[in-house]
Amino acid sequence: MARYRYPAIPESEVTPRELFAQRRRFLKGTLTRGAALGMVAAAPGLLLSPTSRAWTETLSGQLSGELPSRSLAGEEALTDRKDVTTYNNFYEFGTRKSDPEVYAHKLVTDPWSVSIEGEVGKPGSFALEDILAGQALEERIYRLRCVEAWSMVIPWIGFPLAELLKRHEPTSRARYVVFESIFDPDNLRGQRRSIIEWPYREGLRIDEAMHPLTLLAVGMYGERMPNQNGAPIRLVVPWKYGFKSIKSVVSIRLVEEMPTTSWIDQNPDEYGFYANVNPAVDHPRWSQARERRIGESGRRDTLMFNGYADEVAELYAGMDLNQHF
Ligand code: MTE
């Protein structure tokens with residue numbers, strides 16, 4: 001039986017029809033092989049609040065000035081920034097798509113540190129400014145298609161997770177990576193309810209984590225990451241359904257055994273570990289063959305691995321993707 005797991009979304013949360021009508025239209029075209037990673041056209045400079053401190057200054061130092069205007073990306077148009085920042089899943093703020101934008105100011109992102117532990121030669125807790133030091137982020141813009149229950153094209157600013165992991169020297173026993181989001185129920189109203197078991201937890205196999213398309217993103221649209229999109233640092237795994245892309249990451253742990261995740265704990269029949277975008281594998285309750293692109297009317301065919309098959313299919317060679325959903 002074909003199946004795929006995705007956090008249950010009430011019908012009321014599905015993109016309202018009127019959203020489509022108002023949006024600017026996307027250009028025709030598909031991301032081509034090799035074009036998945038690429039520069040985007042010039043974007044506005046980084047906006048920083050006057051109260052910004054250490055890591056925000058580090059980021060600002062790297063993003064100041066003109067961003068490159070050459071484009072190596074595919075031809076699909078970017079989704080409107082407004083849609084990307086007002087229609088979100090971030091259950092720490094509540095389950096409505098509008099909740100994250102409304103309550104995101106409660107997320108305290110400065111100071112921020114990320115612990116890197118488990119099967120690594122150099123474990124520890126690291127200030128975000130140290131993690132970002134030396135990253136040439138002005139050259140690190142990735143225009144990627146992302147699929148959730150809907151799809152978008154977003155110009156992320158970030159760097160491959162592999163670069164960070166390598167710095168901490170994974171041991172030969174490191175087979176999986178576990179990520180955890182911030183836990184702060186005083187400020188994150190959603191965490192006062194047991195929507196899922198907090199903190200939000202996700203995982204990747206080590207080869208997925210080391211793949212160059214797996215990013216740690218710290219910004220989008222030429223700006224620092226908006227809180228509602230997972231500030232100050234989040235995962236982006238563009239060939240997987242959106243729930244794998246964990247936001248506001250505070251912990252990265254390399255482990256030997258396949259970990260469970262928040263969504264698997266919630267409903268193991270609907271959510272699996274891999275969550276690869278796959279039009280041939282349906283969710284138990286609905287087809288996954290087509291998707292709504294925010295800004296377009298109608299639906300478009302969902303692509304295998306979200307269009308990144310040339311880049312990532314070999315990671316799953318020989319695996320039954322119906323079973324490993
Ligand atoms: N990360 C955390 N910490 N909490 C969440 O609720 N939601 C996930 C993922 N990461 C979520 C999260 C889901 S279900 C999706 S679809 C994407 O974030 C949404 O990302 P976006 O709001 O930036 O589009």
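**A ligand wrapped up inside a predicted chain**

A polar atom in the side chain of E92 sits 2.8 Å from a nitrogen atom of the ligand. That pairing comes from a predicted model, and it has company. The side chain of S181 also places an N or O atom 2.8 Å from a nitrogen atom of the ligand. With S245, the backbone takes part: one of its N or O atoms lies 2.9 Å from a ligand nitrogen. On its own the ligand would expose 540 Å², and the protein buries 100% of that.

The shell around the ligand counts 17 residues, with Y91, E92, S181, R234 and K247 the closest. As for its make-up, seven of the shell residues are nonpolar, six are polar and four are charged.

Stepping back to the whole chain, the fold brings together nine helices and twelve strands. Of the 325 residues, 57% are buried. The accessible surface adds up to about 13600 Å², and carbon and sulfur atoms hold 50% of it. Long-range contacts feature heavily too: taking contacts between residues at least 6 apart in sequence, 76% link residues at least 24 apart.

Much of the inside can be described through the largest nonpolar core, which has 82 residues. Within this core, the members touching the most others are W156, F179, W239 and I252. The biggest contribution comes from strand β4, spanning residues 150–160, which supplies seven residues. F179 makes a good example of how such a residue is surrounded. Setting aside neighbours within four places in sequence, its contacts include L161, Y200, L204, L235, I246, V249 and I252. The list is not purely nonpolar, though, since R201, E202 and S251 are also among the residues that F179 contacts.

S248 offers a view of a loop, the one that runs between β9 (234–236) and β10 (249–255). Is S248 buried or exposed? Its relative accessible area is 0%, so S248 is buried, the cut-off for that label being under 20%. Residues from several parts of the sequence touch S248: leaving out those up to four places away, they include F90, L107, W112, E180, I182, A231 and I233. G230 is another of these contacts, and although 18 residues separate G230 and S248 along the chain, their C-alpha atoms are 4.7 Å apart. The loop residue also ties back to the ligand's surroundings. S181 and R234 are both touched by S248, and both are listed with the residues closest to the ligand.

Definitions and conventions:
Residues numbered from 1 in each chain as written. Predicted model: local features only at pLDDT ≥ 70, side-chain atom pairs only at ≥ 80, totals over all residues. Heavy atoms only, no water. Near = heavy atom within 4 Å. Polar contact = N/O pair within 3.5 Å; in protein donor to acceptor, adjacent residues only side chain to side chain. Areas by Shrake-Rupley, 256 points an atom, 1.4 Å probe, with all protein chains shown as cover. Helix = DSSP H or I, 4+ residues; strand = E, 2+ residues; numbered from the N terminus. Buried < 20%, exposed > 50% of the residue type's maximum accessible area, 1.4 Å probe, protein only. Contact = heavy atoms within 4.5 Å. Core = buried A, V, L, I, M, F, W, Y, C linked by side-chain atoms within 4.5 Å.
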